[in-house]
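Here is a colleague's note to read alongside the model. The points are short and can be checked one by one.

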Amino acid sequence: MSGMDATALDNLREALRGTLVTPQDAEYDETRSVYNAMIDRRPAAIARCTGTADVRTTIAFARQTGVEAAVRGGGHSGPGLCLVDGGLTLDLSPMRWVRVDPVNRTAQAGGGSLLGDLDHETHTFGLGVPAGINSTTGVGGLTLGGGHGHLTRKYGLTIDSLVAADVVLADGSVVTTTEKEHPDLLWALRGGGGNFGVVTSFTFRLHPVHTVGVAATVWPVEQTQDVLRWYREFLPAAPEDLNGFFAVMAVPPAPPFPEPLHGRKVCAVIWCYTGDLEGGRLDDVLSVVNDPAPPAFHFATPMPYPALQTMFDELVPKGLQWYWRGDFFDTVTDEAAAVHERFGRELPTGLSTMHLYPVDGAAHDVAPGETAWAYRDATWSGVIAGIDPDPANAGLIRQWCVDYWSALHPHSMGGAYVNFLGETGDTDSVRSTYRDNYARLAAVKHTYDPDNFFHANQNIPPAA
């Protein structure tokens, strides 16, 4: 914390257009809070940056003083990588803006934007980006990790729509990276996490999406193995217009679920259909849900795409205890299906869950070496999430998650989506995430951040 004295902080405060929040300020606790309430870190200062100038000023201050720096976009990092005890956070949350070019079908989003900001602005033009399942997720963290969601089978990963980015580098210089300018940096940003600089804006290619078919199908948890044996064969062979993520969960005490099902442990598929909805087409497409076993409940309706993106927001608001781990899967073995049923029966709390997100379809049209995302041969990106509002249950949900992951990991592909690594990954786990792309990422890191200034992340040290 050399140089983090009152005078130095006052100088930084005066140099910023945004605000500098320190432990003495009344808003400090609220400003340092993140989505995961299990994270309780106390940075020495939080610079709420309003633009590129503030980012450059804050980076220069951190380098001059030697203070450890972290970057916050939407604040959704599960392990809280946007906060360092005694360090300095570059908070991009004031940079929430989106500009849409409907003619060229592109959108530019500020580094602090949330998915809801992007969805709202693009939806009015009947366009969208394949990104996430919650509107409160940060655009930056999701994109830099790769990004998947309801539209992945149709339009690919989020990074497959990323065409440009404005980046402040570790030395304070600013570059715009495209396929023609600094293409190696754009390659690395497409899945390599926050290792290479502070992205102050993202430019995305947009795709047609407006009203989608949304459905939820639930079966008793005791039928998990039967449903998974059906699901693992059905979905990869289904048209790319149909996406459906699998879950083990407890039924939320809210519509559209009937009261007798509230709190019941189930397995489920949440569907999104981007095809023709005329003439009852959605019901025809989903008539197959009776094939593995009669569902305990099935609900289907047309819905504006942004409404689907906000569907789970109230269920999992900011301030819950979270612990998660993930893995990639090319198939769901019979043994893995048995693991899912066992731990589905043992759900420790009403919000704890496991999701298998499809990452096939259009995501398979990109070769493993074309972006930093190395698992183009994966069919699902899985995450196990222990969730509860009560801090007293933090140990309980963590242990369930660790035990579940430990039993399931031998049936995985060996690596995980970087945003699902959970606790800061060690070298081996980060390497397993990037496979053969790791060496190239380390070389790009050496080019743009040779001193590893940006290391409060799932870190890739620069190549020697």
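1. β16 is the main contributor to the lining of the second largest cavity, giving four residues. This is a predicted model. β16, β18 and α12 (394–408) each supply at least two residues of that lining. The volume of this cavity is about 40 Å³.

2. Which residues line the second largest cavity? They are Arg325, Gly326, Asp327, Phe329, Met354, Gly382, Val383, Ile384, Trp405 and Leu408. By class, six are nonpolar, two polar and two charged.

3. Several of these lining residues also meet across strand pairs. Aspartate 327 has glycine 382 in β18 as its bridge partner. Methionine 354 is bridged to isoleucine 384, again in β18. Asp327, Gly382, Met354 and Ile384 are among the residues lining the second largest cavity.

4. β18 deserves a close look. The strand covers residues 380–388, and nine of its nine residues are buried. Both faces are covered. Trp380, Gly382, Ile384, Gly386 and Asp388 lie on one side. Ser381, Val383, Ala385 and Ile387 lie on the other.

5. β18 has a partner on each side in the strand order, with β17 before it and β16 after it. Strand β16 (residues 321–329) runs antiparallel to β18, and nine bridges join the two. Strand β17 (residues 353–358) is also antiparallel to β18, over six bridges. Within the pairing of β17 and β18, tyrosine 357 stands opposite serine 381.

6. The full sheet is open and has seven strands, in the order β15-β12-β14-β13-β17-β18-β16, with antiparallel pairing. β15 (297–304) and β16 stand at the edges; each has a single partner strand, so one side of each lacks a neighbour in the sheet. On average, neighbouring strands here are turned by 15° against each other, direction ignored. Helix α8 (residues 224–237) packs on this sheet. The helix touches β12 (211–220), β13 (242–250), β14 (265–273), β17 and β18. The direction of α8 makes about 165° with that of β13.

7. How many cavities of 30 Å³ or more does the structure hold? There are two. The largest has about 60 Å³ of space. Its lining consists of Gly145, Gly191, Phe328, Trp373, Ala374, Tyr375, Ala416, Tyr417, Val418, Thr433 and Tyr434. Eight of these count as nonpolar and three as polar, with no charged residues. The lining of the second largest cavity, by contrast, has two charged residues.

8. Another sheet should be checked separately. This open sheet has four strands in the order β1-β2-β4-β3, and the pairing is mixed. β1 (19–21) and β3 (69–72) are at the edges, each with a single partner strand, so one side of each has no neighbour in the sheet. Its neighbouring strands are turned by 20° against each other on average, direction ignored.

9. At one edge of the four-stranded sheet, β1 and strand β2 (residues 45–48) run antiparallel, joined by three bridges. Threonine 19 has arginine 48 in β2 as its bridge partner. Helix α3 (residues 52–65) packs on this sheet, touching β2, β3 and β4 (88–91). The direction of α3 makes about 170° with that of β4.

Conventions
Residues numbered from 1 in each chain as written. Predicted model: local features only at pLDDT ≥ 70, side-chain atom pairs only at ≥ 80, totals over all residues. Heavy atoms only, no water. Buried < 20%, exposed > 50% of the residue type's maximum accessible area, 1.4 Å probe, protein only. Pairing = 2+ DSSP bridges. Axes fitted to C-alpha atoms, helices over the stretch in contact; angles between N-to-C directions. Contact = heavy atoms within 4.5 Å. 1 Å grid on protein atoms, 1.4 Å probe; cavity = no way out; pocket = protein on both sides within 12 Å on 5 of 7 lines; lining within 4 Å. Points joined across faces, edges and corners; volume = space filled by probe spheres on them. Nonpolar A, V, L, I, M, F, W, Y, C, P; charged D, E, K, R; others polar.
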